[in-house]
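User: I am new to this structure and would love a close look at one part of it. Could you walk me through it in a connected way?

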Amino acid sequence: GQTFDCGAKDGFILANLAFALQRGDIRPAIEGPLKDMVGKLG
């Protein structure tokens with residue numbers, strides 16, 4: 001599996017996002033807002 005350094009701030013955030021995106025009950029609520037945020041980066 002994939003591992004994250006949860007002692008680092010970025011690793012903690014990435015771990016939580018990965019967890020949320022793998023869960024069918026959480027993904028629908030996270031996917032749209034996450035795409036919007038990522039779209040604003042470029």
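Is R23 buried, partly exposed or exposed, and what is its relative accessibility? Please go on from there to the salt bridges and the helices around them.

Analyst: Happy to. Please keep in mind that this is a predicted model. R23 has a relative accessibility of 33%, so it counts as partly exposed; that class lies between the cut-offs of 20% and 50%. R23 has a charged partner: D25 forms a salt bridge with it, and the closest N and O atoms are 2.5 Å apart. D25 itself reaches 55% relative accessibility and therefore counts as exposed.

This pair is one of three salt bridges in the structure. Let us turn to the others, beginning with E31 and R27. Their side chains meet in a salt bridge with an N to O distance of 3.1 Å. Both residues belong to helix 2 and sit four residues apart, which is about one turn of the helix. E31 is partly exposed because its relative accessibility is 25%, and R27 is also placed in the partly exposed class, at 35%.

E31 has another partner as well. K35 forms a salt bridge with E31, the closest N and O atoms being 4.0 Å apart. Here too the two residues lie in helix 2, four residues apart, or about one turn of the helix. With a relative accessible area of 56%, K35 is exposed. Because a salt bridge can share a partner with another, R27, E31 and K35 are joined into one network.

R27 also leads us to the packing of the helices. In general, two packed helices are described by the angle and the distance between their axes. Helix 1 covers residues 9–22 and helix 2 covers residues 27–39; their axes come within 8 Å and cross at roughly 125°. The two helices are therefore oblique to each other. As for handedness, helix 1 passes helix 2 in a left-handed crossing. On the helix 1 side the contact is made by L17, A20 and L21, while helix 2 brings R27, I30 and L34. Of the residues in this contact, five are nonpolar, none is polar and one is charged.

R27 is thus a good place to end the tour: R27 takes part in the contact between the helices, and R27 is also joined with E31 and K35 in the salt-bridge network.

Key:
Residues are numbered from 1 along each chain as its sequence is written. This is a predicted model: local features need pLDDT of at least 70, side-chain atom pairs count only at pLDDT 80 or more; totals for chains, interfaces and linings use all residues. Side-chain values use heavy atoms; hydrogens and water are left out. Axes are lines fitted to C-alpha atoms, for helices over the stretch in contact, and angles run from 0 to 180 degrees between N-to-C directions. Angles under 35 degrees count as roughly parallel, over 145 as roughly antiparallel, 65 to 115 as roughly perpendicular and the rest as oblique. A crossing is left-handed if the near helix is turned anticlockwise from the far one by less than a right angle, and right-handed if clockwise. Contact means heavy atoms within 4.5 Å. Ala, Val, Leu, Ile, Met, Phe, Trp, Tyr, Cys and Pro count as nonpolar, Asp, Glu, Lys and Arg as charged, and the others, Gly among them, as polar. Buried means under 20% relative accessible area, exposed over 50%, partly exposed in between (1.4 Å probe, protein chains only).
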